[in-house]
Amino acid sequence: MIEITLAHYLALATILFCIGLIGVLRRKNLLLLFMATEIMLNSVNIGFAAIGHYYGDLSGQMFAFFVIAIAASEVAVGLGLLIVWYKRTGSIDLDSLSSMRG
Amino acid sequence: MEIYLYIALFAPLVGSLIAGIFGASKKLLFTGIVTSSLLALSFFSSIVLLVHLLGGGDEIHVEMMTWIAAGELYIPFGFLVDEISATMMMVVTLVSTLVHIYSIGYMKHDAGFNRFFSYLSAFVFSMMVLVMSDNFAGLFIGWEGVGLCSWLLIGFWYKKDIATWSANEAFIMNRIADLGMLIGIFLIYWNTGSLQYDTVFAAAPSLDETILVLIALFLFIGAMGKSAQFPLHTWLADAMEGPTPVSALIHAATMVTAGVYLVVRAHPIYELTPDVSYFIACVGAFVAIFAASMALVNRDIKRIIAYSTLSQLGYMFVAAGLGAYWVALFHLMAHAFFKALLFLGAGNVMHAMRDELDPYKMGGLFKVMKYTAILMIIASVALAGIFPLAGFFSKDKILEVAFGSENYILWGVLWVSAGLTAFYSFRLIMLTFFSDSRYKKLGFDPHEAYPYMLWAMAPLALLAIIAGWFEHQFVEFVTQALPMFTFNVADVVWMLIVVTTLIALGGIALAIWTYRDGPLDPKWERNPIHKLLINEYYIPAAYERCISRPYRELSAFFWKEVDLKVVDYTVDLIASMVYGSGKKTHTMQNGNLSSMLGWVAAGAVLLLLAVIFSSGIQVAG
Amino acid sequence: MFEYILSILIFFPALAAILGLALNKDSIKAYGIVVSAIEFLLALMLWYAYDAGVTGMQFVESVAIVEAFGVHYLVGVDGISLFIIILAAFFTLIGIASLPEMKNIKNLIITLLFMQMTMVGVFAALDVILFYIFWELSLVPMLYIIGAWGGPRRVYASVKFFLYTFAGSMFLLVGILYMGYAYHDATGIWSFSLLDWYESATLPFNVQLWLFGAFFLGFAVKVPMFPFHTWLPYAHGEAPTIGSVILAAILLKMGTYAFVRFSLPLFPDASYYFMVPIAIISIIMIVYTAMVAYAQKDVKQVVAYSSISHMGVIILGTFALNVEGISGAVFLMIAHGVVSGALFLLVGVIYERRHTKLMSEFGGLATVMPYYATIFGVFMLASVGMPLTINFVGEFLCLLGFYEQSHTLTLLAGLAIIVGAIYMLAAFKKLFFGEVTNEKNRNLPDVTKTELVALLPLVVITIWLGVYPKPVLGPIDNSVKPLVQMMHDRAITPEAQAAIASPLVPKEAR
């Protein structure tokens, strides 16, 4: 039986972050992009919580809560924008969002 | 007395300015008269000063005002009238006054009449500054000033391409020598702390030997330019493109002797550097024979006289180089008179022949231009050095000096040159004035010059005859400022005089006999020696090929290849690299969110790595 | 009475420029002339009030701008800057007075007045940050002048001018900031006052070398020194006459002035260390650009390249590191300003008439325009360094000064008097001599009264200061002596101490 240490938590957080990052980079569907972002945010939350616990400091958990709150509002706004965009163009493919081409 | 000094100096300037005001107007006779009278005034003042000095008066030294003062350098406008400058002033103002009067007739029909007198008087002013300054910087002002006026006057007929080309050549060649002079001046300043003659000459004996040699050499380089010594001699012959009075005044009597004046003036330095002095004498002797040889075959009367001037300047340098400064000055004076006369005579001939210069096309002009012919013959006899004319006293003295100081080679060279001088002088006379009248076939209608032009020449003729008779007074006078040169040829002096006179007479006789029937058979012209001489030893061509043309080509190369294609291209390359990298990287901003997200991630990773590596954390391993 | 004269000199034209915006284009030229004339009179008053007997800065004003970092509005003049300020005022005046009718003349005059502020500011500033501000600011009006009134390739030329000098200035800024930090490290207080920097201990030798390099890059582009010179021919080639005049007469002097003001006293050892390389660059500038000038077909380019050649002599005199040389260099800045400014005005005269600057289009102008030819001749002779013209005094002193440091290099630099004569005489011959071959030149009018108004004062100055340079050379000399003394005192390496002789010790005693 292996003891679960901080390193394990951080490893989990890193793995999740990388999964999220790959999702962000590879996915073209905006909805999936949002989900990938959520994974990344949550991986960070795990990191926060784990280190907070490790140091016996509550600010880590507090930060995690903040992140959850921000993520929730972000998703709310983001999904709203997404729906508007879908209604207007009929697509939520990332490559179609190129009106800001330089 | 000071007032005479200022009058002598500034009268020509005033005349020049007055004439200059009307420079672009149509011909006004009074500009000629005003400048001439102001010069006469200047001449009069010079005579007063000369008489003052002759009467045992002190030398006059004035300091007008400060010119340049910076650091420890202090250069005033200071003027000095001593025996040397008084002699020069007398010669300069006398010849220029006469040339001015002569020019009123010579330039009568020229559109640039006023301009001409303005330039001519400006020249006299510069020349006066040159000879009267009491310091090397003032000398340099005059030095450049006469160069400038010479440029203006050679290129006086600026519509002629060859005239302006010659003017530029003269200016640039003189500039080359002026650089040497400038360096000499710098050397003097940094070693003696002053440029005043008296301070410098007082300090000279305590200077290091090498420094003295360098000073003497660099100053002589300056003198070589103005006095057209080899290898800077080509400009003088080309300078004959200017109006003839200019050739008489500038390129025979005054400006070209400035180099001799410089050596005479700086004699305390040259006395301390015998090697340099001997070098000067050798250059002089070489030029004497070298120039005389070119005069033998030339077919341009003014060029013949120009080469003769060159040759006589060589004589003067021999005298100066051998330490016989007063002899150099004496020959300078005598030469000024008879050579100016010769040129003015040539001017009359040119006028009569509508600017034709080839003596082969003349002949028999004696019948129509008796007075001019007589004057020119007087000048030629004086030049050839026949007793009792001026040249006999001054030129023979140089030969005696060379012999007496046991420089037999120099003497031999000069002796041969004396024969050549007599020959080419009378070749010119014969071809121009005697034998058959070839000009008639060519449709010329020559006439004698205006009487006042001849009268302006008369004093010069008189002086060409009698100047030599005052040798003793002259020696006594100038040796107050110059060292007496002693040499002992008493036992052979008669033999020397006879030998020299013989070769001169021989030259004359040969010339008369050879050219009794006009020009020689053209087959002579195929002779390689003739070819060499008529092409001036191919030196002008060599200069063109080895200096002028490479300079032009190198300039074009520098501009088109180096400046535009290397230096500027490098700058533009840097700029275009910046632009190019912008062009390449702007594809990153393609507006595609996923690729931009990719760049964000890549950037974050890079930054993270940078932080890790720069913070010095060792990766456990 | 003269307490605030420098501030007035700096800000009066700018203020007048803003007020001028309200005028219409018919009255703007008269307004511009009046304003610049007042400015010029003020500059003359500055000269009048300037006490040549006092060493050090005069009319000093100081107002804190950023107190915490010791940045001040600090201005003052000495003999070195005084005459360049007067020259700037003078050239703005005659530049505006000689302006021909052209489009957008209102904007041009307002730009010129604004430019005047920056020019006076650069030469009056004693706070380095203030100096830098004016230094950079002066680029803007010139960029506008070339870009808006220039020839066909004006955009290329103006951008090149701007970016090139700007890139050089970046190094300068870094150097300035480093100096500020170093001063702070040494004393504990922030100051960008040049006067404070003069008082502080000299930096260690290797630091000096780096800082000298940084300052050098900034200044060298401006001068412009070989090989950073290629922006200049383009700028001159495309700029309108007035732009070229101001550029040649004043803007280029900023670089050489800055060498005298900053590089020499702040880094005496580095200045000595780099003396020979810089002298070699100067000689390349003198000879190489003179040859390039000889190859030109466009008369304006001849004058442009001749500017570079003469700037080489100025640099050489500056790095003579003795009173004769530096005084000569400062005097030559004035002289070259007058002469090259005049030459550009003269080129403008024929350009105005024929709209070409190619020398092959001309020839024989001496016949049709005798007065023009005469005036051109005077400036040509001044440019080739004829004694009794203003240029000779400067050139003579520069070469004389450098002779103390190196004989051979001076001999090479002295080639200036030969190569200078070659291209100038050749250009003069092409323009003025010969027959009139081009029919278009047959009836060219001679110089007009307006043009004479601009040119005659320059002729007078050229000859007056050539014959009697003392009124200008005296104050310059008085200010250069303490400068050299300061270099001598501040030098830390024994070689530099030996080479930079104190002007207080007479030559015999050395």
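I began at C:Pro224, which sits in the loop between helix H9 (205-222) and helix H10 (231-238) of chain C. The peptide bond from C:Val223 to C:Pro224 is cis, with omega near -10 degrees. Helices (H or I, at least four residues) and strands (E, at least two) are DSSP runs, numbered from the N terminus.

A note on ground rules: this is a predicted model, where local features need pLDDT of at least 70, side-chain atom pairs count only at pLDDT 80 or more, and totals for chains, interfaces and linings use all residues. Residues are numbered from 1 along each chain as its sequence is written, while chains are lettered from A and ligands numbered from 1 in the order in which they are written.

**Another cis bond**

I then looked at chain B and found that the peptide bond from B:Phe230 to B:Pro231 is cis, with omega near 5 degrees. B:Pro231 is in the loop between helix H8 (209-226) and helix H9 (234-238) of chain B.

**Positive phi**

Most residues other than glycine have a negative phi, and most peptide bonds are trans. I noted C:Asn104, not a glycine, with a positive phi of about 55 degrees. C:Asn104 is in the loop between helix H3 (79-97) and helix H4 (105-124) of chain C, and is exposed, with 12 other C-beta atoms within 10 Å. A residue is buried if 20 or more other C-beta atoms lie within 10 Å of its own, exposed if 12 or fewer, and partly exposed in between, with C-beta atoms placed from the backbone.

In chain B, I found phi of B:Tyr538 near 60 degrees, a positive value. B:Tyr538 is exposed, with 11 other C-beta atoms within 10 Å.

**Chain B overall**

I counted 24 helices and two strands in chain B. Its C-alpha atoms fill a box of roughly 115 × 65 × 50 Å along the principal axes. Of the 621 residues of chain B, 55% count as buried. In helix H3 (residues 83-106) of chain B, 23 of the 24 residues are buried. I also checked the length of H3(B): at 1.5 Å a residue (times one less than the number of residues), the helix should span 34 Å, and its end C-alpha atoms are 34 Å apart, which agrees.

**Helix pairs**

I looked at helix H17 (residues 390-404) and helix H18 (residues 408-433) of chain B, which pack at an angle of about 155 degrees with axes 7 Å apart. The two are therefore roughly antiparallel, a label for angles over 145 degrees (under 35 is roughly parallel, 65 to 115 roughly perpendicular, the rest oblique). Among the residues making the contact are B:Trp411 and B:Trp415 of H18(B). By class, this contact has 10 nonpolar, no polar and one charged residues. Ala, Val, Leu, Ile, Met, Phe, Trp, Tyr, Cys and Pro count as nonpolar, Asp, Glu, Lys and Arg as charged, and the others, Gly among them, as polar.

**Chain contacts**

Which pair of touching chains has the most contacts? Chains B and C have the most among the two pairs that touch; residues are in contact if their C-beta atoms, placed from the backbone, lie within 7 Å. The contact takes 40 residues from chain B and 49 residues from chain C. H6(B) gives the most to chain B's side, with 14 residues. That side divides into 24 nonpolar, eight polar and eight charged residues. I found no contact joining chain A and chain C, whose closest C-alpha atoms lie 24 Å apart.

Methods:
Axes fitted to C-alpha atoms, helices over the stretch in contact; angles between N-to-C directions.
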